[in-house]
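The following report looks at aromatic ring pairs and at a charged patch on the surface.

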Amino acid sequence: MNVTANMAIRADRLSKSYGKKLAIECLSMTVPEHSITAVLGPNGAGKSTLMRMIAGQAAPDEGILTVLGRTPDREAGRRVAYLPDRARWYPHHTVEQAAEWFGKLQEGFDRERAWELFDSFGLEAEMKVSGMSRGQEARLMLALCLARDVPLLVLDEPFSGIDMISREKIVGALIDSFAERMQTVLISTHEIAETESLFDRAIFMDRGTVVLEGEAERLRAERGSLQQVYRQLFG
């Protein structure tokens with residue numbers, strides 16, 4: 001199903017349940033192409049479920065979801081770089097082995113870009129994933145994801161467990177990737193104060209649905225910073 005040309009993602013009245021638990025309820029939202037959009041909300045708001053559906057890892061029970069012009073599935077997911085919350089892919093590998101294996105499995109993997117990111121994030125080729133701190137492992141998973149030259153990045157809590165200096169480097173890497181490749185980027189995060197300058201659009205979720213969305217500049221003009229909007233909605 002086609003969507004409006006300038007929309008990378010369009011959701012219309014999505015619902016998703018896991019057993020008796022309703023994770024997403026009548027959710028509608030849009031994400032413009034070539035935007036960096038934040039998905040914000042408290043724990044249990046349904047953010048991770050939404051991102052899994054966008055990445056083709058889960059299907060809605062009801063409603064219509066289109067991603068990059070088609071219904072998302074595992075094949076469509078080849079055009080989406082997806083970083084799940086608490087991703088852990090290669091515990092028995094070194095950094096070098098993880099990059100080699102990831103490059104064989106994922107389309108659009110740019111090895112040169114990956115090694116630039118490893119260097120920026122303080123990761124060395126011989127480091128074993130099993131011996132890494134949580135922050136080092138998170139940086140590795142994110143670097144692998146950012147090294148893919150695909151139209152859409154879907155990043156679920158990419159800053160979790162990462163120190164402030166590393167967060168600054170990651171924000172810089174995201175800005176560079178966006179500028180060079182004109183990708184669409186969707187990010188779920190609780191680190192709003194340190195990252196909100198990155199976003200040009202924000203979607204606020206609670207209890208499985210969207211409670212507010214809009215251009216970040218407009219939301220700031222009307223309500224203050226995105227962090228203040230968050231506090232107004234969920235404080």
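Rings of Phe, Tyr and Trp (its six-membered ring) are taken as a pair if their centres lie within 6.5 Å, and planes under 30 degrees apart count as stacked, over 60 as edge-to-face and the rest as tilted. By this rule the structure holds three aromatic pairs, two of which are set out below.

| Pair | Centre to centre | Angle between planes | Class |
|---|---|---|---|
| F102 and F109 | 5.4 Å | 70 degrees | edge-to-face |
| Y230 and F234 | 4.8 Å | 65 degrees | edge-to-face |

This is a predicted model, in which local features need pLDDT of at least 70 and side-chain atom pairs count only at pLDDT 80 or more, whereas totals for chains, interfaces and linings use all residues. Residues are numbered from 1 along each chain as its sequence is written, and side-chain values use heavy atoms, with hydrogens and water left out.

With buried meaning under 20% relative accessible area, exposed over 50% and partly exposed in between (1.4 Å probe, protein chains only), F102 is buried at 4%, and F109 is buried at 11%. Y230 and F234 are both buried as well; the two lie in helix α8 (residues 226-234), four residues apart, about one turn of the helix.

On the surface, E96, E100, E124 and E126 form a negative patch, where a patch is made of residues with over 30% relative accessible area and no salt bridge, like charges being joined within 9 Å and a salt bridge being a side-chain nitrogen of Lys or Arg within 4 Å of a carboxyl oxygen of Asp or Glu. Of these residues, E124 is found in the loop between α3 (111-120) and α4 (134-146), and E124 is partly exposed, with a relative accessible area of 47%.

Key. Patch = residues over 30% accessible without salt bridge, like charges linked within 9 Å, V, L, I, M, F, W, Y side chains within 5 Å. Areas by Shrake-Rupley, 256 points an atom, 1.4 Å probe, with all protein chains shown as cover. Lys, Arg positive; Asp, Glu negative; His and termini not counted. Charge placed at Lys NZ, Arg CZ, Asp CG, Glu CD.
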